[in-house]
Amino acid sequence: MDCIFCKIAKGDIKSTVIFENNDFKVILDVNPANIGHCLVVCKNHYENIIDMPEELVKEGFAIAKKIAAAVKKATDCDGVNILQNNGIAAGQTVFHFHIHIIPRFDGDSVDVKFGNLNKSIEEISAVADDIVKNM
């Protein structure tokens with residue numbers, strides 16, 4: 001396997017480690033959106049959140065919460081994004097489960113946008129019904 005995050009998790013590629021346990025390694029992103037941008041990386045290879053056991057998902061987000069609080073204190077940022085992308089269309093570029101923790105500062109240039117979909121309440125409700133049916 002030629003997965004960069006598997007290599008980082010194993011220690012084959014050097015990284016700045018913030019936290020580590022049996023299941024996850026938290027590192028500083030080498031291409032950060034802002035100073036203090038961290039990645040919570042699962043040590044086992046799962047392409048995305050959909051492929052992961054629920055217990056690991058819970059553990060990963062519990063770690064993300066702790067790291068986000070520490071990042072906020074360490075950087076004195078004004079806010080924190082916690083992002084997790086699944087699939088190319090969602091912005092995933094490394095196909096190994098990871099969570100971004102991005103410190104945000106008033107007026108910074110980080111761009112996370114949500115558009116105006118302009119859908120009716122009926123269209124939105126129909127999708128909600130379909131989601132419930134597929135759970």
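The following dialogue asks how some labels in this predicted model are justified.

Tutor: Local features here need pLDDT of at least 70 and side-chain atom pairs count only at pLDDT 80 or more, while totals for chains, interfaces and linings use all residues. Residues are numbered from 1 along each chain as its sequence is written, and side-chain values use heavy atoms, without hydrogens and water.

Student: Why is Cys38 called buried or exposed, whichever applies?

Tutor: Buried means under 20% relative accessible area, exposed over 50%, and partly exposed in between (1.4 Å probe, protein chains only). Cys38 has 2% relative accessibility, so Cys38 counts as buried. Cys77, at 4%, is buried.

Student: How do you know how many disulfides there are?

Tutor: A disulfide is a pair of cysteine sulfur atoms within 2.5 Å. A search of the whole structure finds 0 of them. For Cys38, the nearest cysteine sulfur is that of Cys77, 10 Å away, and Cys38 is in no disulfide.

Student: Why does Met135 count as buried or exposed?

Tutor: The relative accessibility of Met135 is 80%, so Met135 counts as exposed. Met135 lies in the segment after helix H3 (121-133); helices are DSSP runs of H or I with at least four residues, strands are runs of E with at least two, and both are numbered from the N terminus.

Student: What makes E1 and E2 a pair?

Tutor: Two strands pair if DSSP finds at least two bridges between them. Strand E1 (residues 17-20) and strand E2 (residues 24-28) have 3 bridges, in the antiparallel sense. Val17 has Ile27 in E2 as its bridge partner, and the two strands form a hairpin with 3 residues between them.
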